[in-house]
Amino acid sequence: MGLPRRRRRVAVLLLALSALGIAQIHPRPVDDQVPLGEQQNVETAKPLVCVHTLLENEVDEAKIKRSLELTRELGAATIVQFFPWAYAEAEQGRYEWFIADRIARHAKRQGIRIIARLGLVPAWARPSDPAAPPTTLNFLPEESFADFARYAAAFAERYADAIDAVIIWNEPNLSFEWGFRPVDPAAYARLLRISYPRIKAANPAVQVLAGALAPTREQAGSGAGLNEFDYLSAMYQAGAGEFFDALAIHTYGYHDSPSAEPNPDRLNFRRAELLREIMLHHGDEHKPAFITEFGWNDHPRWTGAVRPSQRSAYTVQAFEYAEQHWDWAENLCLWAFRFPADTLSYPDNFTLVSADFTLKPIYYALQDYARGWARSEDTWLPTPRAG
């Protein structure tokens, strides 16, 4: 288990979605947009329920609308959604908001609030020395921190009526997500220090989320990353505590049930509690946390997966556990609602809805919970066996 497989998951997704992302750079005219329909409201009994959508690479606007309709019908009033900087500012100083605009307007019409994840660096903001090795879209040099902060502030101001929070970067404790460089908690703290005041000046009501830290057992000196506990502690030591309103946490269940005890040497759902202890140690008990990625996988041939009935039951039980024990958690956001295209590999078995909009059994199980239609022990799903 652990980081190498997670990195492969991300790489597979990037390859599967890259063609779709290219199409987004030359969008169709705005006057060809899909009708919004009547204003909707989310009927939910469980405000913790949140899903992670991937609408930024959706070419067909009708599919954005349908995805958000199904999100509303699920009973999720909040989504996490990625808004790439590289899509919005391909040319320095010239913003193109088409992609973000259509996501925001459909989310608002469905009554859904957004936690916006910000990242992905345009070419002009990365090193341009032809003699140097090429950089990835996750490579953010320190000289471009202020440019990123300017984008984040402009985004927060433009979508003040649609977003509740912004996440500064994604999984910076993984080398892959930090531009295939050694991870650097102090540099990330400096990114927060530069971004936070500009975002709050542009939109004082928005919550600025730090971290989105990945669960990993990597130790200092690893080329793959650093475990989230040491990384968060180093962030605090670098002065990051003054420059975020809440912590974003990623925590996956793998083989364990939601009630399994947390352990630094084991990847499971309650591992998030160990990060909460670090927040308390540094006097941040007043700050909430957001679980912006979590879930189980039920692929029949992936070593990190559980059976489909376990996945459905564990997911509902995780929400119930957090509802009872995690008064510090604002939302639990399930990875992932739907991919624009099938990856044809195990990542597809994290989704609630397939690329062709087939609803999976886990969708119905979570809908029963979120809408207050049934308790987990009353569902038609078989009780999962241990192990």
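Colleague: How far does helix H2 reach from its first C-alpha to its last?

Modeller: This is a predicted model, where local features need pLDDT of at least 70, side-chain atom pairs count only at pLDDT 80 or more, and totals for chains, interfaces and linings use all residues. Residues are numbered from 1 along each chain as its sequence is written, and side-chain values use heavy atoms, leaving out hydrogens and water. Helices (H or I, at least four residues) and strands (E, at least two) are DSSP runs, numbered from the N terminus. H2 covers residues 61–74, and at 1.5 Å a residue (times one less than its number of residues) you'd expect 20 Å, close to its reach of 20 Å.

Colleague: Why is H2 largely enclosed by the rest of the structure?

Modeller: Buried means under 20% relative accessible area, with exposed over 50% and partly exposed in between (1.4 Å probe, protein chains only). Ile 64 and Leu 68 are among the buried residues of H2. H2 is largely enclosed because its buried residues number 10 of the 14.

Colleague: Which residue caps the N-terminal end of H2?

Modeller: Look for a side-chain oxygen 2.9 Å from the backbone nitrogen of Ala 62. That oxygen belongs to Asp 60.

Colleague: In E7, what is the bridge partner of His 250?

Modeller: Strand E7 takes in residues 289–295, and seven of its seven residues are buried. Strand E6 (residues 246–252) pairs with E7 in the parallel sense over six bridges; strands pair if DSSP finds at least two bridges between them. The E7 partner of His 250 is Glu 293.

Terms used:
A polar contact is a pair of N or O atoms within 3.5 Å; within protein, one must be able to donate a hydrogen and the other to accept it, and residues adjacent in sequence count only if both atoms are side-chain atoms.
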